[in-house]
Amino acid sequence: MTAPDVTVVVAVHDTVPHLPTCLDSLVGQPLARERLEVVVVDDGSTDGGEALLDEYAAWHPGLVRLVHQPDQPFTPEACLRADRVSVLADYDCCCPVPREEDRGDSTEWAPVLNRLRGIAALQQVADELAESGEESEAIRARTFAWDVPRLLRADFLLLDDGLQRRVCAEIGRMVERFGAREVYHRLPVAARLRLELAAAVRPGALRDQIRYEAAHGEPPVVVDGRRHYAGFPAFRDARLGLPDDLFLLREEPVFEAAPPLNLAQQLWRGAVPEQLRRRLRRHPAWRRLANSVSAGRG
């Protein structure tokens, strides 16, 4: 059997209203059947589309090939299990088709709760397969520095209050389940703060934080002794009771002062000029004497 001239891959997730139009267009192409292949990848649809896809595969054997798989875990599992990953250099064509009900970029099309469940499934695969230590921490840091906080941006403000609370509760479960706080030191302060406000199910405070970041960007720095904090409005807000460490940017190191010179050291330094001390140190006998007097301090 020869390879087809054209392979069309269709990624599907909860798109029942649009599937017939898409698939009818593909199977109706004027190319001879042996020259065309349609691969439909169903990423864990929950809207009944999987049954429709099975029907199309049965109606068009040899033309439509169907793959059912979970929403996101395939890629991390493949990467973590593979000894080597090769990237084909052939030119691929991608044709995303926006729909009226879609908002934002293509990565945000799925409903936010489905996105969170997909991220949780991805992290679960990583927990099972990644080596403990740096590899595992790096994946968790990626999840909680980017994947989850990006769902707590401007689009979050458009959700109704009930859905906002459900999103917060789901994030709270993820924070506890996957030990997000263990990698907070690798996260930007803004990401930590949004995660903690969500985990505490404080949608009002979370909305305030999102609006502040959009309007002001980076907050002022609050210096308290050796510690530098991100001065977001939530910092030391008694109503929220968030720990200071959540806002910590950096801490200045402690430099221990040298102990004071004893009397012999003071006399040595006072009686012998620095230039002469340096010359005398070139001779082993004088160097031993100088070290015994000054404890190696010149």
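A residue counts as exposed here when its relative accessible area is over 50%, as buried when that area is under 20%, and as partly exposed in between. Keep those cut-offs in mind, and also that this is a predicted model.

**The overall picture**

The protein has 11 helices and six strands. Of its 298 residues, 36% are buried. Look at contacts between residues at least 6 apart in sequence, and 66% of them join residues at least 24 apart.

**Salt bridges**

Let's start with charged pairs. Side chains of opposite charge can pair when their charged atoms come close. A search of the whole structure turns up 21 salt bridges. Here are some of them, with the gap between the closest N and O atoms.

| Pair | N to O distance |
|---|---|
| D5 and R35 | 2.6 Å |
| R173 and E170 | 2.9 Å |
| R236 and D244 | 2.9 Å |

Take D5 and R35, which form a salt bridge at 2.6 Å. D5 sits in the segment before β1 (6–12), while R35 belongs to the loop between α1 (19–27) and β2 (36–43), so this pair ties together parts that are 30 residues apart in sequence. D5 has 53% relative accessibility, so by the over 50% cut-off D5 is exposed. R35, with a relative accessible area of 40%, is partly exposed.

R173 and E170 tell a more local story: they are three residues apart in helix α6, which means about one helical turn separates them. An α-helix has 3.6 residues a turn, so residues three or four places apart point the same way. E170 has a relative accessible area of 16% and is buried.

In the R236 and D244 pair, both partners are partly exposed: R236 is at 43% relative accessibility, and D244 is at 24%. There is also a network of salt bridges, linking R226, R227, D245 and E251.

**A small sheet**

Now for some strands. β4, β5 and β6 make an open sheet in that order, with antiparallel pairing. Which strands stand at the edges? They are β4 (221–224) and β6 (248–251); each has a single partner strand, so one side of each is left without a neighbour in the sheet. On average, neighbouring strands of this sheet are turned by 20° against each other, direction ignored.

Strand β5 covers residues 227–230, and three bridges join β5 to β6. In one of the pairings, Y229 has L248 in β6 as its bridge partner. L248 will turn up again in a moment.

**Helix α7 and its buried arginine**

Helix α7 spans residues 189–199. How many of its residues are buried? The count is 10 of 11, so by the under 20% cut-off α7 is mostly covered. Among the buried ones are V189, L193, R194, E196 and L197. The cover over these buried residues includes the helices α5 (134–147), α6 (161–177) and α8 (203–216), along with the strands β5 and β6.

R192 is part of this helix too. What is the nearest side chain of opposite charge to R192? That is D245, 7.7 Å away; R192 is buried yet has no salt bridge. A salt bridge needs a side-chain nitrogen of Lys or Arg within 4 Å of a carboxyl oxygen of Asp or Glu, so a distance of 7.7 Å does not qualify.

The side chain of R192 does reach backbone oxygens, though. One belongs to Y184, at 3.0 Å, and another to L248, at 3.4 Å. Leaving out residues up to four places away in sequence, R192 touches Y184, L187, D245, L246, F247 and L248. D245, as a member of the network with R226, R227 and E251, takes part in salt bridges, while R192 has none.

**Two positive phi values**

Finally, a look at the backbone. Most residues other than glycine have a negative phi, and most peptide bonds are trans. Where does V201 sit? V201 lies in the loop between α7 and α8, and it has a positive phi of about 50° although it is not a glycine. V201 is partly exposed, at 29% relative accessibility.

D14 has a positive phi as well, near 50°. D14 is in the loop between β1 and α1. With a relative accessible area of 21%, D14 counts as partly exposed.

Note on methods
Residues are numbered from 1 along each chain as its sequence is written. This is a predicted model: local features need pLDDT of at least 70, side-chain atom pairs count only at pLDDT 80 or more; totals for chains, interfaces and linings use all residues. Side-chain values use heavy atoms; hydrogens and water are left out. Two strands pair if DSSP finds at least two bridges between them. Helices (H or I, at least four residues) and strands (E, at least two) are DSSP runs, numbered from the N terminus. Axes are lines fitted to C-alpha atoms, for helices over the stretch in contact, and angles run from 0 to 180 degrees between N-to-C directions. Buried means under 20% relative accessible area, exposed over 50%, partly exposed in between (1.4 Å probe, protein chains only). Lys and Arg count as positive and Asp and Glu as negative; His and the chain ends are not counted. A polar contact is a pair of N or O atoms within 3.5 Å; within protein, one must be able to donate a hydrogen and the other to accept it, and residues adjacent in sequence count only if both atoms are side-chain atoms. Contact means heavy atoms within 4.5 Å.
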